[in-house]
Amino acid sequence: MRICVYAASSGKVDPAYLTAARELGATLAQAGCTTVYGGGGQGLMGALADGAIAEGGEVIGIIPKFMVDLEWGHPGVTTLELVEDMRERKHRLLTGSDAVIALPGGCGTLEELFEAITLKRLGLYFSPIVLLSVNGFYDGLQAFMQKVIDERFMNPEHSAMWSMVERVDEVLPRIRETPRWSENARDYAVVR
């Protein structure tokens, strides 16, 4: 499987987040998955790549040229693909992925996550989206998204577009048990 992972570049976080990122990278590599991520060498992104590399996994980083100029890229990944900008990066991360995993992160991670959810709602992305809620990180987001549904900005069916787990060892089983999103998603993309 080719797994797209969204993750933060910040290393100034609770060490539990960095540990989970490294463990996720190792877990994906041990399962024979290719990890595709933002290409960074710091924070959760760097820990994710380090974990996969340590287990001999294939790691593809997709990074805008300006970040390479700032020396933000990870030097040890299998492939570091340079793109023009953040929009192209997001497109290339998601294209061809068999699943998305969102590690904890800031506005960049959340933007990537919401784009994947939006594309799924519109019937343009059909694979699982899993939020790894280390230390309950995504609990507030889950509650907010339920409010979005309750307030009728989304349909109840839309709550199945993503799922949430708390531990790394739950990620791959969740991906495997999640059915492909309906080809008829556009039939209920608009709130009824």
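By class, 16 nonpolar, ten polar and two charged residues make up the lining of the largest pocket. The model described here is predicted. Its strands include an open sheet of seven, paired in parallel. A search of the whole structure also turns up one cavity of 30 Å³ or more.

**The largest pocket**

- The largest pocket holds about 430 Å³ of space.
- Its lining counts 28 residues, and the closest to the pocket centre are Ala7, Ala8, Ser9, Ser10 and Met45.
- Four elements, β1, α2, α4 and α5, each supply at least two residues of this lining.
- Helix α5 gives the largest share of the pocket lining, with four residues.

**The sheet**

- Reading across the open sheet, the strand order is β4-β3-β2-β1-β5-β6-β7.
- Strands β4 (79–83) and β7 (163–165) stand at the edges. Each has a single partner strand, so one side of each is left without a neighbour in the sheet.
- From one strand to the next, the twist averages 25 degrees.
- Strand β5 (residues 99–102) runs parallel to strand β6 (residues 129–132), and three bridges join the two.
- Within this part of the sheet, Ala102 stands opposite Leu131 in β6.

**Helices across the sheet**

- Helix α2 (residues 43–54) lies across three strands: β1 (2–6), β2 (34–37) and β3 (59–64).
- The direction of α2 is at about 165 degrees to β2.
- Helix α4 (residues 86–94) lies across β1, β2, β3, β4 and β5.
- The direction of α4 is at about 160 degrees to β3.
- Both α2 and α4 also supply residues to the lining of the largest pocket.

**The largest cavity**

- About 40 Å³ of space lies in the largest cavity.
- The residues lining this cavity are Leu113, Phe114, Ile117, Leu131, Leu141, Gln142, Met145 and Trp162.
- Helices α5 (107–121) and α6 (139–150) are the elements that give two or more residues to the cavity lining.
- Seven of the cavity-lining residues are nonpolar, one is polar and none is charged.
- Leu131 is one of the lining residues of the cavity, and Leu131 is also the residue of β6 that stands opposite Ala102.
- Helix α5 contributes to the lining of the cavity and to the lining of the largest pocket.

Methods
Residues numbered from 1 in each chain as written. Predicted model: local features only at pLDDT ≥ 70, side-chain atom pairs only at ≥ 80, totals over all residues. Heavy atoms only, no water. 1 Å grid on protein atoms, 1.4 Å probe; cavity = no way out; pocket = protein on both sides within 12 Å on 5 of 7 lines; lining within 4 Å. Points joined across faces, edges and corners; volume = space filled by probe spheres on them. Nonpolar A, V, L, I, M, F, W, Y, C, P; charged D, E, K, R; others polar. Pairing = 2+ DSSP bridges. Axes fitted to C-alpha atoms, helices over the stretch in contact; angles between N-to-C directions. Contact = heavy atoms within 4.5 Å.
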